[in-house]
Amino acid sequence: MFRIYPAVDIKGGKCVRLYQGEMRRETVFSSCPWEMALLWESQGASYLHVVDLDGAVGESLANLDSVKEILDRVHIPVQVGGGVRSEGDIRKLLSLGAQRVVLGTRALTESAFLKEAIDKFGSQVIVSVDTRNGEIAVRGWTKKTGRSLKEVVEHLISSGAARMIHTDITRDGTLRGYDQSVLEPLLDKGIGIIAAGGISAIEDVAKLKALTPRGLEGAIIGRALYSGDITLSEVLKLEEE
Amino acid sequence: MIVIIDYGMGNLRSVEKAFAFLGHQVAVSDDPQLIKRAKGIVLPGVGAFGDAMQELAQRGLKELVIEALQDGKPFLGICLGYQLLFENSQESPGVKGLGVLKGQVIRFPESVKVPHMGWNDVKFAKRHPVLDGLAEGTFYYFVHSYYVHPSDEQIVLTRTEYGLEFASGIAQENILAFQFHPEKSSSAGLRLLHNFAQICA
C-alpha cells in the first residue's frame, strides 16, 4: 500500500505553502482551504493531509473553523495536525470527523503523552517527526529538541506506533527534490513511514514508492501540486491498493 | 426530503453535506414529524453500540426508526447505523439493538489489527439499484472494530475481507446498510449515496 497525501496547510484561514516552514515566507494559494481540499478530491485524491500552521507554532488548535469546513465537505478521509497538544484536542478533531490526528510537539517532548495517546487512540493518531539537518524540531519547527531521529523512532516503536510521518524541513516548500538519504534511520524498522519535504517531481515519488518493502507507506505532497510541478492525476497512478 | 437521524452519535454533517453536494434535499433532524414525512431515512453513527441505543431510546427515536423500517420507507444505515439494525453486539453485552434484522455484531479476531481502518475493496454478492454504475471490487473507506454477521445469508449485498470475510453491506426490501462510509469514499461513495437518493425519489 502506497498512498499520496495532498497537503492543505492553513494559516490565518487561508490555504498557504511556506518555505522551509518559515511563517513569514508564505505563498497564499487560496483564501478558501476547503475549495482546495475539494479540488484535490475531484482530481482523485484518496486521502488528505491538513495542517493548522498557526496551531503548530502556537499553543493549541487555531484554525478549527477552516478544518471543520474541510472535514464536513470532503468525501475522503483526512488526517489533521498542527497544535494538537492535549487529549481534548485529539477527541475534538476525531469528533469533527478527522480520520487520523497528527501529533508533534507534545508527543515528542513528553513520553507519557505519547504513550497514552497511542494506548487510547491507536492508529487514529500518528506522530510527525520533522528534522532540519538531522535535528528534530517541534512547535511549528521553531524549536530544537536535541533528540536524534534514530532514538525517537525507537521510542515511537516501543510506544506502539504503527506508522509515522517524517518531514525534511530543509527541503520543505523548496521544490528542490526529495533527499532520500534522510530516510535511512527510519527504514527497515517495522514502522510505516509517510514521507514529506521537497517532493517536486514524479520521480521523487516513484523512488519513495520503490522503498515500500522497507516501510514506506506514502508521500505528502504540498507545493509541487500547487505550483503544477506535479499533476495529481499523474502521480496518483503510482498509488496501489 | 431525506432525513438524517440526529441522535448525538458522531459528526452527521459530512453525510448531510454529501447529499447536498449531490443536489438532493436533506435535513439533519430528530423531529418526529419531519422523520415521518421523509422520503428516506439515513442512520449514520460513530461510537459504541450501547451508547447509541441509549441515545435513540432517550430521544424517543427508537420506535420511530423501527416504525419507518417496518413501513417500507427507504432506509440507509451507515457504519454503527448498520450494526444497530441487528439484535445485539459483543461491544455492549446485554444491550438489545433495533432487532429488525436477525444477527449479531462480532468483534474482529485477535489476529488482525483493530480498528479495521482504511480503504478496502467491496465485492458484490448480488446486484441492486443502490450499486448502479459501480464496479465490482470498488474501494470504500472503513473504520470499525466489530462486524455484522447476519443470520440470513440471503440479505448480504456486499462482502469484504479483513482477517475474515464479512458482510460489508446488506439489502432487505427497503433496508440498505453498509459498514463502510460512503460519505468518505470519494466518487464511488457519492455514487452510492446518489443511488440511494434515487431510490427515495
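Two residues are in contact if their C-beta atoms, placed from the backbone, lie within 7 Å. The exercises below use this definition on a predicted model.

**Exercise 1.** Determine which residues of helix α6 of chain A are buried and which elements cover them.

*Solution.* Begin with the helix itself, which spans residues 111–121 of chain A and in which Leu114(A), Ala117(A) and Ile118(A) are buried. Viewed down the axis of α6(A), these buried residues fall within an arc of 95°, and therefore they line one face of the helix. The spacing follows a general rule: an α-helix has 3.6 residues a turn, so residues three or four places apart point the same way. Turn next to the other side of α6(A), where Ala112(A), Asp119(A) and Lys120(A) are exposed. Finally, look for what packs over the buried residues of α6(A): the cover includes the helices α4 (87–96) and α5 (105–109) together with the strands β6 (100–103) and β7 (125–132), each from chain A. Just after the helix, Gly122(A) takes a positive phi of about 55°.

**Exercise 2.** Describe how strands β8 and β9 of chain A are joined, and in which sense they pair.

*Solution.* First take the pairing: β8(A), residues 135–138, and β9(A), residues 143–148, run antiparallel to one another and are linked over 3 bridges. One of the partnerships can be named, since the bridge partner of Glu135(A) in β9(A) is Ser148(A). Then consider the connection, in which 4 residues lie between the two strands of the hairpin and Arg139(A), in the turn, has a positive phi of about 50°.

**Exercise 3.** Locate the largest nonpolar core and trace the contacts of Ile221(A).

*Solution.* The largest nonpolar core holds 73 residues, and those with the most contacts inside it are Leu48(A), Ala219(A) and Ile221(A). Strand β1 of chain A, residues 3–11, gives the most to this core, with 5 residues. If neighbours within four places in sequence are left aside, Ile221(A) is in contact with Ile4(A), Pro6(A), Ala7(A), Ile199(A), Ile230(A) and Val235(A). A second, separate core has 63 residues, among them Ala18(B), Ile78(B), Ile155(B) and Ile175(B).

**Exercise 4.** Decide whether the radius of gyration of chain A agrees or disagrees with that of a compact globule.

*Solution.* For 241 residues a compact globule would have a radius of gyration near 18 Å, and the 16 Å of chain A agrees with this. Along the principal axes, the C-alpha atoms of chain A fill a box of roughly 40 × 35 × 35 Å. As for burial, 49% of the 241 residues of chain A count as buried.

Notes
Residues are numbered from 1 along each chain as its sequence is written. Chains are lettered from A and ligands numbered from 1 in the order in which they are written. This is a predicted model: local features need pLDDT of at least 70, side-chain atom pairs count only at pLDDT 80 or more; totals for chains, interfaces and linings use all residues. The radius of gyration is taken over C-alpha atoms; the globule rule is 2.2 Å times the number of residues to the power 0.38. A residue is buried if 20 or more other C-beta atoms lie within 10 Å of its own, exposed if 12 or fewer, and partly exposed in between; C-beta atoms are placed from the backbone. Two strands pair if DSSP finds at least two bridges between them. The arc is that of the directions from the helix axis to the C-beta atoms. A nonpolar core is a set of buried Ala, Val, Leu, Ile, Met, Phe, Trp, Tyr and Cys residues joined through C-beta atoms within 7 Å.
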